[in-house]
Amino acid sequence: MPESSPETHVIDFRAAEQLLAVRDPRGAIRLLDSVITAHPENTAARLLRARAFFLAAQLRPAELEFQIVLEREPDNAFAHFALGRTLERGGRSEEALRHFRLAAALEPRPEFIEAARFAPGTGGGNRDPGRPDGDPE
């Protein structure tokens, strides 16, 4: 196995982004594990791995990664939204609503507001947080 370096970690991170884009979350997780082991402070890698865990239906690891991101970046609206989706998918709607509302308050994007139930006739939904723009595709 080739020796890891900062350059190979960047390559692995970019490759993981591509794997996630083509819906291979498990492949992305494998690449990101080594990046995070070498750079545990890298919030971008943790956020990407959290998304990959979510898309792989590994809700507990996704929740833990989103929480780590939020400990470091409490004003990260997408991380709140994605954690809300993770909790919602796990049947924890009340906890999810808190994070949806924080996301909407931090960044009033339509999908965040809808999930937060601030707009009339909304009730969340069952979309995944596949991308920071809220669009799963």
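Which side chain does Arg 49 meet in a salt bridge? Keep that one in mind while I set the scene.

What you have on screen is a predicted model. The mean pLDDT of the protein chain is 88, with 84% of residues reaching 70 or more. There is one stretch to watch: over residues 122-128 pLDDT stays under 50, and the model has 20 contacts for that stretch beyond four places in sequence. Where pLDDT is low, the predicted coordinates should not be read in detail. I'll leave that stretch alone from here on.

Okay, the layout. The protein chain has seven helices and zero strands, so to speak a run of α-α-α-α-α-α-α along the sequence. Of the 137 residues, 43% are buried. And if you take contacts between residues at least 6 apart in sequence, 46% of them join residues at least 24 apart.

Back to Arg 49. The partner is Glu 65, and the two side chains meet in a salt bridge at 2.4 Å, N to O. This pair links distant parts of the chain, with Arg 49 in helix α3 and Glu 65 in helix α4, 16 residues apart. Buried or exposed, these two, Arg 49 and Glu 65? Both Arg 49 and Glu 65 are buried. They also have company: Asp 33, Arg 46, Arg 49 and Glu 65 are linked in a network of salt bridges. Side chains of opposite charge can pair when their charged atoms come close.

A search of the whole structure turns up 10 salt bridges, so let me show you a couple of others. Glu 63 forms one with Arg 92, and the closest N and O atoms are 2.7 Å apart. Glu 63 sits in helix α4 while Arg 92 is in the loop between α5 and α6, so this pair ties together parts that are 29 residues apart in sequence. The two ends sit in distinct surroundings: Glu 63 has 5% relative accessibility, so it counts as buried, and Arg 92 has 30%, so it counts as partly exposed. Then there is Glu 111 with Arg 109, whose side chains meet at 2.8 Å, N to O. Both Glu 111 and Arg 109 are buried.

Now to helix α5, residues 77-89. How far apart are its end C-alpha atoms? They are 18 Å apart, and since 13 residues at 1.5 Å a residue should span 18 Å, the two agree. α5 is also mostly covered, with 12 of its 13 residues buried. Among the buried ones are Phe 78, His 80, Phe 81, Arg 85 and Glu 88. What does the covering of those buried residues include? It includes α3, α4, α6 and α7.

The ends of α5 are worth a look too. At the N-terminal end Asn 76 acts as a cap, with a side-chain oxygen 3.2 Å from the backbone nitrogen of Phe 78. Just after the helix, Gly 91 takes a positive phi of about 80°.

Next, α2, residues 25-38. This helix has 14 residues and reaches 20 Å from first C-alpha to last, close to the 20 Å expected at 1.5 Å a residue. Where is the kink in α2 centred? On Leu 32, with an angle of about 25°. Leu 32 is itself buried, along with others in α2 including Ile 29, Val 35 and Ile 36. An α-helix has 3.6 residues a turn, so residues three or four places apart point the same way. The buried residues of α2 pack against α1 and α3.

A quick stop at the backbone for those of you who check phi. Most residues other than glycine have a negative phi. Here, Arg 23 has a positive phi near 65°, and Arg 23 lies in the loop between α1 and α2. With 36% relative accessibility, Arg 23 counts as partly exposed. Ala 57 also has a positive phi, near 60°, and Ala 57 lies in the loop between α3 and α4. Ala 57 is partly exposed, with a relative accessible area of 49%.

Last stop, helix α7, residues 110-115, where we find Ile 113. Why does Ile 113 count as partly exposed? Because its relative accessible area is 25%, and buried would need under 20%. The C-alpha atom of Ile 113 is separated by 7.4 Å from that of Arg 101, 12 residues apart along the chain.

Technical notes: Residues are numbered from 1 along each chain as its sequence is written. Side-chain values use heavy atoms; hydrogens and water are left out. pLDDT is the predictor's confidence in each residue, from 0 to 100. Contact means heavy atoms within 4.5 Å. Helices (H or I, at least four residues) and strands (E, at least two) are DSSP runs, numbered from the N terminus. Buried means under 20% relative accessible area, exposed over 50%, partly exposed in between (1.4 Å probe, protein chains only). The expected span of a helix is 1.5 Å times one less than its number of residues. A polar contact is a pair of N or O atoms within 3.5 Å; within protein, one must be able to donate a hydrogen and the other to accept it, and residues adjacent in sequence count only if both atoms are side-chain atoms. A salt bridge is a side-chain nitrogen of Lys or Arg within 4 Å of a carboxyl oxygen of Asp or Glu. The bend at a residue is the angle between axes fitted to the seven residues ending there and the seven starting there.
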